[in-house]
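Hi,

Here is the structure I promised to pass on. Have a look at it first, and my notes follow underneath.

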Amino acid sequence: MNQLHDSIFVRWVTGIIQNRKAKTGVVIIFIFLFLALLGPLMTQDSTAFLSTPLSPPSSEHLLGTNGQGQDVLAQTIIGSRQTLLVGFATGILVVFIGALIGGISGYYGGKIDDFLSLLINVFLVMPGLPLMVILASWLPPGPATLTGVLVLTGWAWNARVIRSQMMTFRSRDFVSAAIVSGERNIRIIIVEIMPRMLSLLASSFIGASIYAIGAQVGLEFLGLGDVSTVTWGTNLYWASNDMALLTGSWWTFVPTGLSIAIVSFALTLINFGIDEVTNPRLIAERVWRANIPTKKIVNGVTPVVKSHE
Amino acid sequence: MNKPLLSIENLCVNYITSGRPIKAVNNVSFEIQEGEIFGLVGESGSGKSTVIQAVLRTLPPPAVITDGKVVINDKDILSISDTEVLKYRWKEISIVMQSALNALNPVLTISEQIEDVLREHSSLQGQAIQDRTEELLSLIDIDISRLDSYPHQLSGGMRQRVVIAIALALMPPLIIMDEPTTALDVIVEREIIAKIIELRKNLGFTILFITHDLNLLLEFADRVAVMKNGKLVEMDSAQNIRGGGKHDYTQKLIGSLPSASGPRERGMLSKPENLSLGSQPILEIQNLSKSFIDSGIFNSTSIDVVKNVSFQIYPGEIIGLVGESGSGKSTIAKLIARLIRPTSGNILLNGNNKKVSEAQKVPLEYRKQVQLVFQDPFGSLNSVHTVFHHLARPLVRHRLVTKQNLFQTIIENLETVGLKPGEAFARKFPHEMSGGERQRVAIARALSLNPDLIIADEPTSMLDVSIRMEILEIFARMRIEKNLTIIFITHDLASARYIADRIFVLHNGSIVEENSAEQLIQSPKEEYTKQLIKAASPGWLESLSLDNGDMKNA
């Protein structure tokens, strides 16, 4: 019937490698991660005052200097470290907590579900942005605080989604079959059900990471992060403080802004890729479209393509 | 012979994939004469639905029609423009879909859905539309007071009749019926078919009837075409096919199912020479009841699914639990497998008098003794794991084998259910196997624990007709070899008759009749059992139409 003899994971990895969107996204993310890891070796000191403040791009400072006379290229590259770390850490934690609470809630049902659903709902109706601002200004600034605040305000939606997915799997026959053969609940959740949710977990992770990067930059831009560290958010904060727009020194904020946009774009591309790999219908339809003359496609009418060789 | 109403010549349909295109329909040609009932029969994946969807040009991507002609009214549907295609749908050909629940829009009343077709495709207006709608409802014997009902307020049979009414709305000369009764219970199925035949007699349309059930088709079709793997393997009059057919495959389809009436003739299963049952019941069910509570915000309603059911089963017995959908048979299966807890009553295994309703945790021992085989082999295996995983887990969990022997044991278990070579199958994933192979894996998994009792919940109903008997044979053989006790749950009286020693007939949550299989079939006592048997016997159509005639005269 089917020629594939690989496990779902192998199929997935090869699918994502073959998918053009996902491949582009992965390459971009790897470039950023590479720069973030090896950046300090390649750039000038990002905090040193090197030149005249707000000097435009030159051969010495490729992207110019900011209001403190620091190198913008170095700031952009060094700034990516904490921003990406907090972003991906939040993504992982949100998915982990969401899977844990949503998964338990959806699998066990009954009283456990009543209690955990209530908890999820309370966090869902809490206004996230004000809470984020209050917590961030009240707690000592730093990456750990930022991650904590973002996870606290962001986990509930994921838990909700995973809970409903878990509930549908809970009623499937393969789960009943595992129960009847004596399997322990925790093993059923982890070994039997979680692999089936892989696409949901992966796209949740990516969605949460994009959210975390955006929200984190937002908080720091408002001055709620540690302004003495170099991150994409504080870069923008200082650019704004130094009235970069008024002075027309675009080079102080465009590199950071563009980096944020490109990273989010790359993550979204990966998300699309995962969607296509795990939902073969999307690919099938594209292949189909590529194989028939465009004028032949009318919605709801099967095309007739007679090939007379 | 007259000019045919519909003629299909060399129809070819491909499914486009990233690799080679898959030939779903390969050079199919047939003609349908005016007024006849033409049956197209084939198992799942044979391409029968693809053929009729190609005729309507409603095939979704990734399908492409690559060759052929479909001529109706001197027009080749495959060469006219797309807007013209839309015009001939419903006017020249209408279709009755398989699942009436999906074919009807749940948020529109049935009158709105019938009127919608009339408004869109006919010149009728205002009062005339309403009159026609009421006329259509009376045609299908649905009371006019139900006009404003929503689909969910109607029974499955009524919904299917509404779909037929919509197909009849414009009086097209040809109506295609794509498995119109597959989702229905057998008694309702028979009523719907009788209704269709009666309507055709009065209104004179032509029917193209698609089904996987050749025996059903042979009751009323004039001509029958058999499809396999996208090709037409045989086409003949129903009479000749009934006589056995020429093609091997047709013969296999006919011979594959036992009948529910008359003497036992076909499909003899292995039965023990002389059945020696233990004296102590292996399973005793006492006053078992289960009600589901549907709790809303303002009120909660309770539905009694199983009502006060009691029975005893002795070691080595095969029990047939027969009932239609909604009779509570699957709930009983889940109760005995202890997937759900009963509202009241006891389940005693081997005389172990521990009240199930009180037990918090099901002991591992019980999980070893009682196994369940599910209806849907696509759903009961986890698509991310290999066959090896499915068979290894129960053995490891119950510590039945050592690590060194694990692979060898699994291979043996696979070969017991006819999956040879076991090594190759152990490495496969569920999607790499056919439905029958998957069901064999599920059975092997249940058997691997050496259970005392196996509950088989409709294990053959999702499988193709030609492999059902093979699956039944596995159960029958295991009973002899391993002295298994089996509860065989089914809606199909005929297969219960052939495998079971005793049959319990379940209706609305209670057992209405129980007897040894042959006695129950030969001399049923309850009216409901008689109905079931009649519906499952050849020649039911004549008796049903006679009944209708009587009702009209009276």
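Let's begin with P421(B), which sits in the loop between α14 (403-416) and α15 (422-426) of chain B. The peptide bond joining K420(B) to P421(B) is cis, with omega at about -5°. Keep in mind while you read that this is a predicted model.

**Backbone oddities**

Two other spots in chain B may catch your eye in a Ramachandran plot. N27(B) is not a glycine, yet its phi is positive, about 55°. You'll find N27(B) in strand β2 (residues 22-32) of chain B, and its relative accessible area of 45% makes it partly exposed. W90(B), also not a glycine, has a positive phi of about 75°. W90(B) belongs to the loop between α2 (82-88) and β6 (93-96) of chain B. Is W90(B) buried or exposed? W90(B) has a relative accessible area of 18%, and the cut-off for buried is under 20%, so W90(B) counts as buried.

**The two chains**

Chain A is helices throughout as far as its elements go: 13 helices and zero strands. Chain B mixes the two kinds, with 21 helices and 19 strands. Of the 309 residues in chain A, 45% are buried; for the 554 residues of chain B the figure is 55%. The C-alpha trace of chain A spans about 70 × 65 × 35 Å along its principal axes.

The surfaces are worth a look too. Chain A exposes about 15600 Å², and carbon and sulfur atoms supply 68% of that. For chain B the accessible surface comes to about 24000 Å², with 48% belonging to carbon and sulfur atoms. On the charge side, chain A carries 19 positive and 16 negative charges, and the mean positions of the two sets are 15 Å apart.

As for contacts between residues at least 6 apart in sequence, 68% of those in chain A join residues at least 24 apart. In chain B the corresponding share is 69%.

**Salt bridges**

How many salt bridges does a search of the whole structure find? It comes to 19 over all chains. A few of them:

- K195(B) pairs with E198(B), the closest N and O atoms being 3.6 Å apart. The two are three residues apart in helix α7 (residues 186-203) of chain B, so about one helical turn separates them. Both K195(B) and E198(B) are buried.
- R477(B) pairs with E481(B) at 3.8 Å between the closest N and O atoms. Both lie in helix α17 (residues 465-482) of chain B, four residues apart, which is about one turn of the helix. R477(B) is partly exposed, at 27% relative accessibility.
- E518(B) and R497(B) meet at 3.0 Å, N to O. This pair links distant parts of the chain, with E518(B) in helix α19 (residues 517-522) and R497(B) in helix α18 (residues 493-499), 21 residues apart. E518(B) is partly exposed at 27% relative accessible area, whereas R497(B) is buried at 0%.

There is also a network in which salt bridges with shared partners join E183(A), R187(A) and R393(B).

**A charged patch and the loop beside it**

On the surface, E112(B), D116(B), E120(B) and D148(B) gather in a patch of negative charge. D148(B) comes from the loop between α5 (127-139) and α6 (156-168) of chain B, and it is exposed, with a relative accessible area of 57%. S149(B) lies in the loop between α5 and α6 as well, but S149(B) counts as buried, at 8% relative accessibility. Setting aside neighbours within four places in sequence, S149(B) is in contact with T109(B), I110(B) and L154(B).

**One more residue**

T211(B) is in strand β8 (residues 206-211) of chain B and is buried, with 2% relative accessibility. Which residues does T211(B) contact, leaving aside its neighbours within four places in sequence? They are L40(B), V41(B), G42(B), K48(B), E179(B), L216(B) and L217(B). From T211(B) to D222(B) the C-alpha to C-alpha distance is 14 Å, at a separation of 11 residues in sequence.

Cheers

Terms used:
Residues are numbered from 1 along each chain as its sequence is written. Chains are lettered from A and ligands numbered from 1 in the order in which they are written. This is a predicted model: local features need pLDDT of at least 70, side-chain atom pairs count only at pLDDT 80 or more; totals for chains, interfaces and linings use all residues. Side-chain values use heavy atoms; hydrogens and water are left out. Patches are made of residues with over 30% relative accessible area and no salt bridge: like charges are joined within 9 Å, nonpolar side chains (Val, Leu, Ile, Met, Phe, Trp, Tyr) within 5 Å. Accessible areas come from the Shrake-Rupley method with a 1.4 Å probe; for residues, only the protein chains shown count as cover. A salt bridge is a side-chain nitrogen of Lys or Arg within 4 Å of a carboxyl oxygen of Asp or Glu. Lys and Arg count as positive and Asp and Glu as negative; His and the chain ends are not counted. The place of a charge is taken as NZ of Lys, CZ of Arg, CG of Asp or CD of Glu. Buried means under 20% relative accessible area, exposed over 50%, partly exposed in between (1.4 Å probe, protein chains only). Contact means heavy atoms within 4.5 Å.
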